[in-house]
Amino acid sequence: MSQTQLTPILSDIWDAERSWSLETYRSRGGYQALATAMDMAPGDVVETVKGSGLRGRGGAGFPTGLKWSFLPAPDGGPRYLVVNADESEPGACKDVPLMMANPHALIEGVAITSYAIGGNHAFIYLRGEVVHVYRRLLAAVREAREAGLIGTNLGPNGDYSLEITVHAGAGAYICGEETALLDSLEGRRGQPRLKPPFPAVAGLYARPTVVNNVESIASVPGILRGGTDWFSSMGTEKSAGHGLFSLSGHVVRPGQYEAPLGITMRELIDMAGGIRAGHRLKFWTPGGSSSPILTEEHLDVPLDYESVGAAGSMLGTRSLMVFDETVSVVRVVSRWTDFYQHESCGKCTPCREGTYWMKQVMHRLEAGKGLPTDIDLLLDVSANIAGRSFCALGDASAVPIQSGIKHFRSEFEAGTHTPAHELFPYEASAVFSEVGAR
């Protein structure tokens, strides 16, 4: 199912004057969905989101409403919503601009979701380096509280209360993994927990917890406002709705493109002005560095969870990094491997040791000093990480190496005798020739 039309919904307000303010958000219908939800039974709100077909926008694509329904029956104790705003994936850049330009969409989504799951305290876990976003979220929460949209005496009967805490993490990729995030939020070192129990049963402070991505929660108000039929009219049968597609790299106009799921990479590149003048596409990633590399032959694959999976990759965060023919695959994979080695929390042996050795081998190949056995060694080491690590970071580290060798083995073989910078000079792939000039 090909889609050609952009659907500015979350991004519709971005170009408005003071788009981040409560006044601007309310002038566009903001918080009407919260009022609608408060007039519904919590279970009906869950069923509405479930019926819309909304799937998690943070990577795995798990059905959002279904995730909410996994919480056990209320027992009188607290239940929590935790929003994963620890956007750290190489190439991912959608949640930060969304929170910067339209924070109240997230705040309203948090309020609706908390009401639906019976929670009275929600947490937004933000990557700590983005201080400007932290300040904006704090200001948005304050605005909402002062306007009586969160706090105490909420709802038509005045019997609901909600507190929202914005928490700045210390900046760790591993804290994007939901259980490592929860440990960090509790004040411990961010490392993945052994599952089960899953967060729905024993999450934050060992209480039932829903963990969702920023874009997932920010999409909820639109569903309550427009209805399930409106939302499911976009996208594909199994991947409904709209999503932010982040294009970066060798395109004329990199940026955020909000479109229905099922749009193709060819259509998005055309919207972005095409590949930079005088060059052609070499490879790209549909979901950041954690998703297997795709090539020119995959340009017409619909960007939905099923189609991208069938093509041998994963949609993930829709972080579409575009590389033209001037780029060394070995150099790119080497940088990604550096990242995973640096960000490995060290809790499990396959990831801790495997990323270290893959880094050493990739540096050898990049320098043109690889051994004839290095490619098979990389495949062996990566295979012993994938599926054997505590969390998905280990799997992610194996992905670029395995898919890089699959599509561009000859370049890896060239690393046994010729440095990458000789085959692919740095200046050829640079987007900027000097500061301020493109």
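This report describes two sheets, several helices, some backbone details and the cysteines of a predicted model.

**The sheet around strand E1**

Five strands make up an open sheet whose order is E3-E4-E2-E1-E5 and whose pairing is mixed. Strand E3 (151–154) and E5 stand at its edges, and each has a single partner strand, so one side of each is left without a neighbour in the sheet. Averaged over this sheet and with direction ignored, neighbouring strands are turned by 20° against each other.

Strand E1 (residues 80–85) is mostly covered, with six of its six residues buried. Tyr80, Val82 and Asn84 point one way from E1, while Leu81, Val83 and Ala85 point the other way, and all are buried. On one hand E1 is joined to strand E2 (residues 121–126) by six bridges, the two strands running parallel; on the other hand E1 pairs with strand E5 (residues 209–213), also in the parallel sense, over five bridges. Residue by residue, Asn84 stands opposite Tyr125 in E2, Leu81 has Ala122 as its bridge partner in E2, and Tyr80 stands opposite Thr209 in E5. Helix H6 (103–117) lies across E1, E2, strand E4 (160–168) and E5, and runs at about 150° to E1.

**The sheet around strand E8**

A further open sheet of five strands has the order E7-E6-E10-E8-E9, again with mixed pairing. Its edges are held by strand E7 (255–260) and strand E9 (294–295), each with a single partner strand, so one side of each is left without a neighbour in the sheet. Strand E8 (residues 281–285) and E9 run antiparallel and are joined by two bridges, and here Trp284 stands opposite Leu294 in E9. Helix H15 (residues 329–343) lies across E8 and strand E10 (319–324), running at about 20° to E8.

**Helices H3 and H16**

In helix H3 (residues 42–52), the residues Val45, Val46, Thr48, Val49 and Ser52 are buried. Seen down the axis of H3, these buried residues fall within an arc of 160°, so they line one face of the helix. They pack against helix H2 (32–38), helix H4 (64–69), H6, helix H11 (220–226) and helix H12 (228–232), which makes H6 a helix that both contacts the buried residues of H3 and lies across E1. After H3 comes Gly53, with a positive phi near 85°.

Helix H16 (residues 349–366) has 18 residues and reaches 25 Å from its first C-alpha to its last, close to the 26 Å expected at 1.5 Å a residue. Its buried residues are Cys351, Gly354, Thr355, Met358, Val361, Met362, Leu365 and Glu366. They cover an arc of only 135° around the axis, which puts them on the same side of H16. The helices that these residues pack against are H15, helix H17 (374–385), helix H18 (392–414), helix H19 (420–423) and helix H20 (426–429). H16 is followed by Gly368, whose phi is positive, near 75°.

**Backbone details**

Most residues other than glycine have a negative phi, and most peptide bonds are trans. The table lists places in this model that depart from that pattern.

| Site | Feature | Value | Place |
|---|---|---|---|
| Lys195 to Pro196 | cis peptide bond | omega about 0° | Pro196 in the loop between helix H8 (178–185) and helix H9 (199–202) |
| Pro196 to Pro197 | cis peptide bond | omega near 5° | Pro197 in the loop between H8 and H9 |
| Arg18 | positive phi | phi near 45° | segment before helix H1 (22–27) |
| Asn153 | positive phi | phi about 55° | strand E3 |

Of the residues with a positive phi in the table, Arg18 counts as partly exposed, at 48% relative accessibility, whereas Asn153, at 60%, counts as exposed. Asn153 belongs to strand E3, which stands at an edge of its sheet.

**Cysteines**

With a disulfide taken as a pair of cysteine sulfur atoms within 2.5 Å, the count comes to zero disulfides. Cys351 is accordingly in no disulfide, and the nearest cysteine sulfur, that of Cys348, is 5.1 Å away. Cys351 is buried, with a relative accessible area of 4%, and is one of the buried residues of H16. Cys93, by contrast, counts as partly exposed, at 28% relative accessibility.

Methods:
Residues are numbered from 1 along each chain as its sequence is written. This is a predicted model: local features need pLDDT of at least 70, side-chain atom pairs count only at pLDDT 80 or more; totals for chains, interfaces and linings use all residues. Side-chain values use heavy atoms; hydrogens and water are left out. Buried means under 20% relative accessible area, exposed over 50%, partly exposed in between (1.4 Å probe, protein chains only). Two strands pair if DSSP finds at least two bridges between them. Helices (H or I, at least four residues) and strands (E, at least two) are DSSP runs, numbered from the N terminus. Contact means heavy atoms within 4.5 Å. Axes are lines fitted to C-alpha atoms, for helices over the stretch in contact, and angles run from 0 to 180 degrees between N-to-C directions. The expected span of a helix is 1.5 Å times one less than its number of residues. The arc is that of the directions from the helix axis to the C-beta atoms.
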